[in-house]
Structures are given as C-alpha cells and as structure tokens.
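Colleague: Could you walk me through this structure? I would like to go by elements and then by side chains.

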Amino acid sequence: MSPAGDRAVPAGRVKVRIRVLREVAVLDAAGEVVGGMRGHAKELLVYLAVHRRGARLPDILEAIWPDATVTRAGQRLSTDVANLRRSIRLACGDATIQPVLNTGGRYHLDPKLLDVDLWRFTDALTAIAATADRFDRADLLRSAVGVHAGPLAGELAYAWVDGAREACRRQGIKARRDLAALVAADDPAEAADLLDAAAELDPASDGLAREAMTAFAGLGVAERLEARWRQLHAALAEIGESSEAATTTLYRQLHAELRTHPHERPTAATDPAPAERLDGRRT
C-alpha cells in the first residue's frame, strides 16, 4: 500500500466511497449515488484516481481540455473541482472537508477522506506480490477480484483513458486466473467460474476461452463449455476474425468426450477435507 493510503483517518470520520471501476460515482453512507456531478468533474475524479500521487496542473488541462486556451481550461477546472468537492461533501454531510487538494500546482484526492475502489484493487495486487502464504494470497486475490467490478470509468470515453483502462483490465484478468490456479484443486467449480469471468473480460481471446472450456469439461458442464465457445465466436465475428485451429480442435475434442462419457460435477463427498480447502479460512 502506498504511504498516502496508510495515513490515519481522523477520529470518527468514515471515508467517502468513490467508484471508478464501473459507472463513475460518489457514494453516500447508504451506498447511494450522489447526483449532480458534472461530466468533466467525473472525468477529473477518474484522472485523479489514476494519478494517485497527484497530477500537475498543465497535465490535467491538456488531458481534459486539450482544445481550450489555458485561461479557459483553468476556469473550467476551477468549476469542476468545486463541483467534485460539493458532491463529496454532500456524500458525507460535511461542508468543511477538502477532498480535492491543490498543493503547489499539483492536484490530488485526499486518501484520508476517500475510499477509492481503484486504490483498493491496486493495493491488493501490490500486497499479493509480497505474500507467500497461499491462504493470504487467496484472500487478497478475492479482495481484488471483488473490487474489480467493471472497466475503469465504465463506458465513458475519455481521450486519455485507454492505456489505464487496458492495464486495469489485464490486471483483472490476471487476478482471476491466479485465483483460479490457487483454488482449482480444492474447488474446481469456483476455478471454472473465475476462468470464465476472465474470458468475459477478453471475449475474443482464444487462450482464455480454451482455459474456461477445459475447466467446464472437467466438471462435465457441457452447456457452459458450449456457451463459452459461442461467445468466443461472436466476439471474433465482430472484429472479422475466426478462432484459432487449436481452439476449434480442443472444443471438438472436449465436446465429443462429454457426449461419449458424460459425468456429473464433483459432489461434496469427493471434496477435499475442510482442513485442506483453500477457501480463505484456516481450519
């Protein structure tokens, strides 16, 4: 976790939740979206969430208002900073807080006041890299996967966001595949679901589709194997491509095996003993 994220929250203060993975929103204490946030205020929120340690004023102006004069862009920034601050203050019911700070020409979100989902996601991934214990790694991966609820900035289109969005997507795919590898021996059904979710994040990937189909075949779930095959073909058709020969061969092989030797999913009687399960609990 970054030093900024480690700073203590003032006594009695509950951090305001910020969502930038999926639809961008400031959430109140009840988890409801605070309304009234301007479009560029949302973009500024995402930009500052991505630039966690702060962003220089010229970089912000160039990213968000590239076609405006410096004076006009500065005016717009002031308006949108005020709007963003107002939304966050409404969320916590405190008009005195300063959630967006300007420190010598650098703007940043105050980590003492805000709980940003993107930061929780990246903090979990950072912690995983330094964690050897498989139970702790599974817990951290589950946390990361749980937070990674959708694409960075949702469906909003920003000129600067593609690189950050793609990096976040790839991290989400890796987290699901890594967790699947950890739990596969103890819970093959969970592993299959995770691999299918990874494939959903890149539906035109032959490699991810093969992993998911193989997992479903191991469970004897023909309908989900076929669904992933159809989704791969639909995604590839949208970009004028077709599946790799290895994927077609694997699908036909797995499909034929399931028709010839159908079998049921593993039952509780064949599950590992509780002490051996990797479900985030030590028994």
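Modeller: A word on naming before we start: helices (H or I, at least four residues) and strands (E, at least two) are DSSP runs, numbered from the N terminus. Please also keep in mind that this is a predicted model.

Colleague: Noted. Where is R22 found, then?

Modeller: R22 is found in the loop between β1 and β2, and those two strands form a hairpin with five residues between them.

Colleague: What is the phi of R22?

Modeller: R22 has a positive phi of about 100°, although it is not a glycine. For background, most residues other than glycine have a negative phi. With a relative accessible area of 35%, R22 is partly exposed.

Colleague: Which other residue has a positive phi without being a glycine?

Modeller: A153 has a phi near 70°, again a positive value in a residue other than glycine. A153 lies in the loop between α6 and α7, and with a relative accessible area of 1% it is buried.

Colleague: Back to the hairpin strands. How many bridges join β1 to β2?

Modeller: Three bridges join β1 to β2 (residues 25-27), and the two run antiparallel; R19 has A25 in β2 as its bridge partner. Strand β1 (residues 16-19) is also joined by three bridges to β6 (residues 114-116), but there the strands run parallel, and the bridge partner of V16 in β6 is L114.

Colleague: And what is the order of the open sheet of three strands?

Modeller: The order is β3-β5-β4, with antiparallel pairing. The edge positions are taken by β3 (55-56) and β4 (100-102), each of which has a single partner strand, so one side of each is left without a neighbour in the sheet. Between β4 and β5 (residues 106-109) there are three bridges in the antiparallel sense, and L101 has H108 in β5 as its bridge partner.

Colleague: Let's change to helices. What should the 22 residues of α7 span, at 1.5 Å a residue?

Modeller: Helix α7 (residues 162-183) should span 32 Å, and its end C-alpha atoms are 32 Å apart, which agrees with that expectation.

Colleague: Which residues of α7 are buried?

Modeller: The buried residues of α7 are R165, C168, G172, I173, A175, R176, L179, A180 and V183. Looking down the axis of α7, you find these buried residues within an arc of 155°, so they line one face of the helix. As general background, an α-helix has 3.6 residues a turn, so residues three or four places apart point the same way.

Colleague: What does the face turned away from the buried side of α7 carry?

Modeller: That face of α7 carries the exposed residues G163, R170, K174 and A181.

Colleague: And what covers the buried residues of α7?

Modeller: The cover includes α5 (117-129), α6 (134-147), α8 (188-201) and α9 (206-219).

Colleague: Since you mention α6, which of its residues are buried?

Modeller: In α6 the buried residues are F135, A138, L141, A144, V145 and V147, and what covers them includes α5, α7 and α8. Helix α6 has 14 residues and reaches 20 Å from its first C-alpha to its last, close to the 20 Å expected at 1.5 Å a residue. There is also a contact of charge and ring to look at, as the charged end of R134 sits over the ring of F135, 4.8 Å from its centre.

Colleague: On to rings proper: how many aromatic pairs does the structure hold?

Modeller: The structure holds three aromatic pairs. In one of them, the rings of Y47 and W160 have their centres 4.9 Å apart and their planes at 85°, so the pair is edge-to-face. This pair links distant parts of the chain, with Y47 in helix α2 (residues 39-50) and W160 in the loop between α6 and α7, 113 residues apart.

Colleague: Is Y47 buried or exposed?

Modeller: Y47 is buried, with a relative accessible area of 7%, and W160 counts as buried at 18% relative accessibility, where the cut-off for buried is under 20%.

Colleague: What form does the pair of W229 and Y251 take?

Modeller: W229 and Y251 are stacked, at 4.3 Å centre to centre and 0° between the planes. That pair also links distant parts of the chain, with W229 in helix α10 (residues 222-238) and Y251 in helix α11 (residues 245-260), 22 residues apart. Both W229 and Y251 are buried.

Colleague: Which residues do ring pairs link into a cluster?

Modeller: The cluster is made of Y47, Y158 and W160.

How values were computed:
Residues numbered from 1 in each chain as written. Predicted model: local features only at pLDDT ≥ 70, side-chain atom pairs only at ≥ 80, totals over all residues. Heavy atoms only, no water. Expected span 1.5 Å × (residues − 1). Buried < 20%, exposed > 50% of the residue type's maximum accessible area, 1.4 Å probe, protein only. Arc of directions from axis to C-beta. Contact = heavy atoms within 4.5 Å. Pairing = 2+ DSSP bridges. Phe/Tyr/Trp six-rings, centres within 6.5 Å; stacked < 30°, edge-to-face > 60°. Lys NZ or Arg CZ within 6 Å of the ring centre and 35° of its normal.
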